[in-house]
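Reader: I'd like a close look at the aromatic rings in this one. Could you walk me through how they pair up, and then what surrounds the open space beside them?

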Amino acid sequence: MSKVITGRMTHRHEGELVVFHIGMQINRWWRPDLWMPAFFAMPRMLRELSIDPDSGMLGYHLLFGAGGPYVVQYWSSVDKLYAYASNPSQEHRPAWTAFNRAARKAPGAVGVWHETFRVDTAESVYVSTKPMGLSKATELVEVGRRQDRAQARFADGRTEAGSTLTTVHLAPPT
């Protein structure tokens, strides 16, 4: 179990930064035969990505929302994210195919969604928390005197994408 780190911490990251949200909306809870296969596919994907340092996934955080589970993932590039998603020899592509096959049998029973953001600037602060979120996925560092205010951390939080982009990119759902 992670230990609480006292004091004010922030993250540090050099290079491209992508935040990927992916989730499931369970519309018919009484039909676990329709949603459980997708539900159990995600841990396999996360495990596969976590043990491969070249996958591009920097880290993730599991959450539960009003409609069902979702995952916030941090990636080193959009290209690596999409390469994983389309690779037929890895866990995602067969799971996506199986989900689509099941979804055709019972339209509307289970929904899936994702949002992809290429981040040009990121600011964070963690006060007396366990390592989490962006700081767990990248590098956890102490907030310095120069970064005491959120605006200063934001100004220092330029990523590689920030050198060429000025907006957050949203990818359409697939």
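**Rings and a pocket**

Author: Start with the cluster: ring pairs link Trp29, Trp35, Phe39 and Phe40. Bear in mind that this is a predicted model, where local features need pLDDT of at least 70, side-chain atom pairs count only at pLDDT 80 or more, and totals for chains, interfaces and linings use all residues. Residues are numbered from 1 along each chain as its sequence is written, and side-chain values use heavy atoms, leaving out hydrogens and water.

Searching the whole structure turns up six aromatic pairs (Phe, Tyr or six-membered Trp rings with centres within 6.5 Å; planes under 30 degrees apart are stacked, over 60 edge-to-face, the rest tilted). One of them is Phe39 with Phe40, which sit edge-to-face, with 5.3 Å between centres and 85° between planes. Both of these rings see some solvent-side surface in the accessibility numbers: Phe39 is partly exposed at 27% relative accessibility, and Phe40 is partly exposed too, at 43% (buried is under 20%, exposed over 50%, partly exposed in between, using a 1.4 Å probe and protein chains only).

Now set Trp96 and Phe99 beside that: their ring centres are 5.7 Å apart and the planes make an angle of 15°, so this pair counts as stacked. Both residues belong to helix H3 (residues 92-105), where they are three residues apart, about one turn of the helix (helices are DSSP runs of H or I with at least four residues, strands E runs of at least two, numbered from the N terminus). Trp96 is buried, at 19% relative accessible area, and Phe99 is buried as well, at 11%.

H3 also brings us to the largest pocket, since H3 is among the elements that supply at least two residues each to its lining (a pocket is an open set of 1 Å grid points that fit a 1.4 Å probe, with protein on both sides within 12 Å along at least five of seven lines; lining residues have an atom within 4 Å of a point). Strand S2 (18-26), helix H2 (78-86) and strand S5 (110-118) are others on that list, but the largest share, eight residues, comes from H1. In total 36 residues line the pocket, and Ile22, Gly23, Met42, Met45 and His92 lie nearest its centre. By chemistry, the lining splits into 29 nonpolar residues, six polar and one charged (Ala, Val, Leu, Ile, Met, Phe, Trp, Tyr, Cys and Pro are nonpolar; Asp, Glu, Lys and Arg charged; the others, with Gly, polar).
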